[in-house]
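Here is a short briefing on one protein chain. Strands come before the loops, and the enclosed spaces come last.

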Amino acid sequence: MASLSDIGLAAAINILSAIAFFVAFAILRIQPFNDRVYFPKWYLKGLRCSPLRKDALASKFVNLDFRSYLRFLNWMPEALRMPEPELIDHAGLDSAVYLRIYLIGLKIFGPITILAFSVMVPVNWTNGSLKHSEFSHSDIDKLSISNVPNGSHRFWTHLVMAYAFTFWTCYVLKREYEIVASMRLHFLASEHRRPDQFTVLVRNVPPDPDESVSELVEHFFMVNHPDHYLTHQVVYNANKLSNLVDEKKKLQNWLDYYQLKYTRNQSQRPTKKTGTLGLWGERMDAIDFYTSKIEKISREIAQEKENTISSSNSVMPAAFVSFKTRWGAAVCAQTQQTRNPTVWLTEWAPEPRDVYWANLAIPYVSLSVRRLVVAVAFFFLTFFFMIPIALVQSLANIEGIEKALPFLRHIIEVKVIKSFIQGFLPGIALKIFLIFLPTILMLMSKFEGFMSTSTLERRSATRYYLFQFINVFLGSIITGTAFQQLNNFIHQSANEIPKTIGVSIPMKATFFITYIMVDGWAGVAAEILRLKPLIMYHLKNSFLVKTEKDREEAMDPGTLGFDTGEPQIQLYFLLGLVYAVVSPILLPFILVFFGLAYVVYRHQIINVYNQEYESGAAFWPDVHGRIIVALIVSQLLLMGLLSTKEAAQSTPLLITLPVLTIWFHLFCKGRYEPAFLRYPLQEAMMKDTLEKAREPNLNLKGFLQTAYIHPVFKGEDDDDSDPATDEIAEEPTLVATKRHAQWSTLSPSKHSGFLS
């Protein structure tokens, strides 16, 4: 169990690590040859030029202005200087609202920390319960509720503080929900024209023996939305074609590499072995080898493209349907189309950048089965991950290590090593075990068949949060308690075990403090250094880059990573709310995290991250809901903890808190959540009216026709003329319908889009 000196050593290690990262970043960011690594967003926007100077060779690579090294922390005030409206214009509403999650943390835990240290810490510290107990404890535990004797009247203080913390948290959440909902509506009303404002994704189109999917979609919407339907684009299963295009890009990269290598040394043409990984096989000219490979796969791509377009089996029962007005799209997206609620399913189309094209080829009928399979897989993943969690908790228990490895006892008992093991090693070990988890969860979400990248990330974030709640939070408490109080578990009756757990829960604050310092202090500081993108950029710049376009692709600005970042933030909300009453010593560490992370990620959003999509802060209901869950969990755990501390009089009064919190959540859900799920028809009509007045001759069909064509049909190279792509771009002649029950189209349609 970590003592005060152990926490001090861990804090020193993490603070020094964070300072080292910041100093390294401050030096590297001002070097001219790193400018594209630390300011890629400005290059992508065309607002920044390379600082490489031509007057002196040294200045091309090293910043010779020594005064700039003295201002190594000036990036912090620069990150805070940009006002929020300008930040929204620069980076989008998603990024601006994401930063508000950190602000909520500061708003909630700032006053709570002050109140807890003013009231709770003195109440807990001025008791001597742990001195006379048989439980393993440290000096830090004397600041927790565990130090209050059973049946004490001082528990009324904890009860009052629980009410105060709950009311304050709910007040902040309501204010933020109101602000973000208003920001979203204002953003949707003021943003520029986008294809997704006019387009609906239609799925589970019922099969018809007399008509193709394209004909069926057109006839259905011409009959049911005659005044607003504009065009449509059917969905193709182009996954095989997409794989071929990706393979061609990889081959092209190798060809570029060998051509650049030959350009630098023309005395000898590069060669390679034709076997697997180039380890064996016949040796031949590398440029000729990859040229022939690319020519071969280009022919395969052209053939596959033609087969995809001409084959009816490649057409999925889905389509992107565009309307003449936002009002028409809103009516279609938010209403049931037929008597049968399982066919002609409509939803807002994601913006073209947000579409996850591979999943459009998944049949709708298989989605339920896929989601059941993933739910079962996630259950077993969560269950079996308890094993490494238990291993991590064993590292936090010196006695357990000495029993398992007795020959290390003399080394472990050295004070510095003991402090390192208890104060730093458990946090870093848990961080390592969680490295591959987000990738696994994202693969699960893709298998489920969601249609957009934003939905995939939100789904992965939900699972990541559940995983962290069950394994990192509950798992660490349960297994840690078992390891720390193993002797008590063995020698006491079963009736006493809940009391032992109740005393031990506050004592796990020391483990979470070490984890917060590793992940929330040093981890956040490491994010701004961007070590991996820095190395990869210089490797690509040395071996692959030939043109400015190649250099732009090598920058890799990355994104916010909502699927990993937001659940991690929610873990800190959970820890802060649970331990605010139980063990307030944890609160300052969380407060430092929120403040540091806000500055770092604001800088990254302004200068680095290039968001792949814009959802208009559609994720905010999830953020609000998870903080509510954390609040309810904190109340239930406090209720159980007080019941083990024989505080029978105060415990019943805590039952009111979860009830009030759930009522508050339902109120916010009914009042603010509709703004994130539906688009008001009034707003749509206002925007349509203004646009019609400003641009009466707008060619909306020309704007929408190519918006939702699969990227592989748009051609890999601008200079290549692709017959299959040209065929798509032509206005097709729609075959006259053979069905007499619907409106027949006896002449070539003027409504069909490129892919109809």
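The chain folds into 33 helices and 6 strands. This is a predicted model. Of its 756 residues, 52% are buried. Among contacts with a separation of 6 or more, 81% join residues 24 or more positions apart.

**Strand β1**

- Strand β1 spans residues 199–203. It is mostly covered, with 5 of its 5 residues buried.
- In a regular strand, side chains alternate between the two faces of the sheet.
- Both faces of β1 are covered. Thr-199, Leu-201 and Arg-203 are buried on one side, and Val-200 and Val-202 are buried on the other.
- β1 runs antiparallel to β5, and 5 bridges join the two. Arg-203 has Ala-318 as its bridge partner in β5.
- β1 also runs antiparallel to β6, here with 4 bridges. Leu-201 stands opposite Glu-347 of β6.

**Strand β2**

- Strand β2 covers residues 229–236, and 8 of its 8 residues are buried.
- Its antiparallel partner is β5, residues 315–323, with 6 bridges between them.
- Tyr-229 is bridged to Phe-323 in β5.
- β5 thus takes part in two pairings: one with β2 and one with β1.

**Asn-204, in the loop after β1**

- Asn-204 sits in the loop between β1 and α9, the helix of residues 213–224.
- Is Asn-204 buried or exposed? Its relative accessibility is 17%, under the 20% cut-off, so Asn-204 counts as buried.
- The side chain of Asn-204 reaches the backbone oxygen of Thr-342 at 2.4 Å.
- Leaving out residues up to four places away in sequence, Asn-204 touches Pro-317, Thr-342, Val-343, Trp-344, Leu-345 and Tyr-364.
- Among these contacts, Pro-317 falls within the residue range of β5. Leu-345 falls within that of β6.
- The phi of Asn-204 is near 55 degrees, a positive value in a residue other than glycine.
- Most residues other than glycine have a negative phi.

**Asp-556, in the loop before α26**

- Asp-556 is not a glycine either, yet its phi is positive, at about 50 degrees.
- The residue lies in the loop between α25, residues 548–554, and α26.
- Asp-556 has a relative accessibility of 42%, so it counts as partly exposed. The partly exposed class runs between 20% and 50%.

**Ala-375, in α13**

- Ala-375 lies in helix α13. The helix spans residues 367–384.
- Its relative accessible area is 41%, and Ala-375 is therefore partly exposed.
- Ala-375 and Arg-463 are 88 residues apart along the chain, and their C-alpha atoms are separated by 9.8 Å.
- Arg-463 falls within the residue range of α20, 453–484.

**The second largest pocket**

- The volume of the second largest pocket is about 1200 Å³.
- How many residues line the second largest pocket? The lining has 43 residues. Trp-348, Arg-458, Ala-618, Phe-676 and Leu-677 lie nearest the centre.
- Several elements each supply at least two lining residues, among them α8, α12, α13, α20 and α28.
- Strand β6 gives the largest share of this lining, 4 residues.
- By class, the lining has 16 nonpolar, 11 polar and 16 charged residues.

**Cavities**

- The structure holds 6 cavities of 30 Å³ or more. The largest cavity has a volume of about 110 Å³.
- Which residues line the largest cavity? From the earlier part of the chain come Ala-162, Phe-165 and Thr-166. Next are Leu-577, Val-578, Ala-580, Val-581 and Val-582. Leu-631, Ser-634, Gln-635 and Leu-638 complete the lining.
- α8, α26 and α28 each supply at least two of these residues. The largest share, 5 residues, comes from α26.
- The lining of the largest cavity has 9 nonpolar, 3 polar and no charged residues.
- Two of these helices, α8 and α28, each also supply at least two residues to the lining of the second largest pocket.

Notes. Residues numbered from 1 in each chain as written. Predicted model: local features only at pLDDT ≥ 70, side-chain atom pairs only at ≥ 80, totals over all residues. Heavy atoms only, no water. Buried < 20%, exposed > 50% of the residue type's maximum accessible area, 1.4 Å probe, protein only. Pairing = 2+ DSSP bridges. 1 Å grid on protein atoms, 1.4 Å probe; cavity = no way out; pocket = protein on both sides within 12 Å on 5 of 7 lines; lining within 4 Å. Points joined across faces, edges and corners; volume = space filled by probe spheres on them. Nonpolar A, V, L, I, M, F, W, Y, C, P; charged D, E, K, R; others polar. Polar contact = N/O pair within 3.5 Å; in protein donor to acceptor, adjacent residues only side chain to side chain. Contact = heavy atoms within 4.5 Å.
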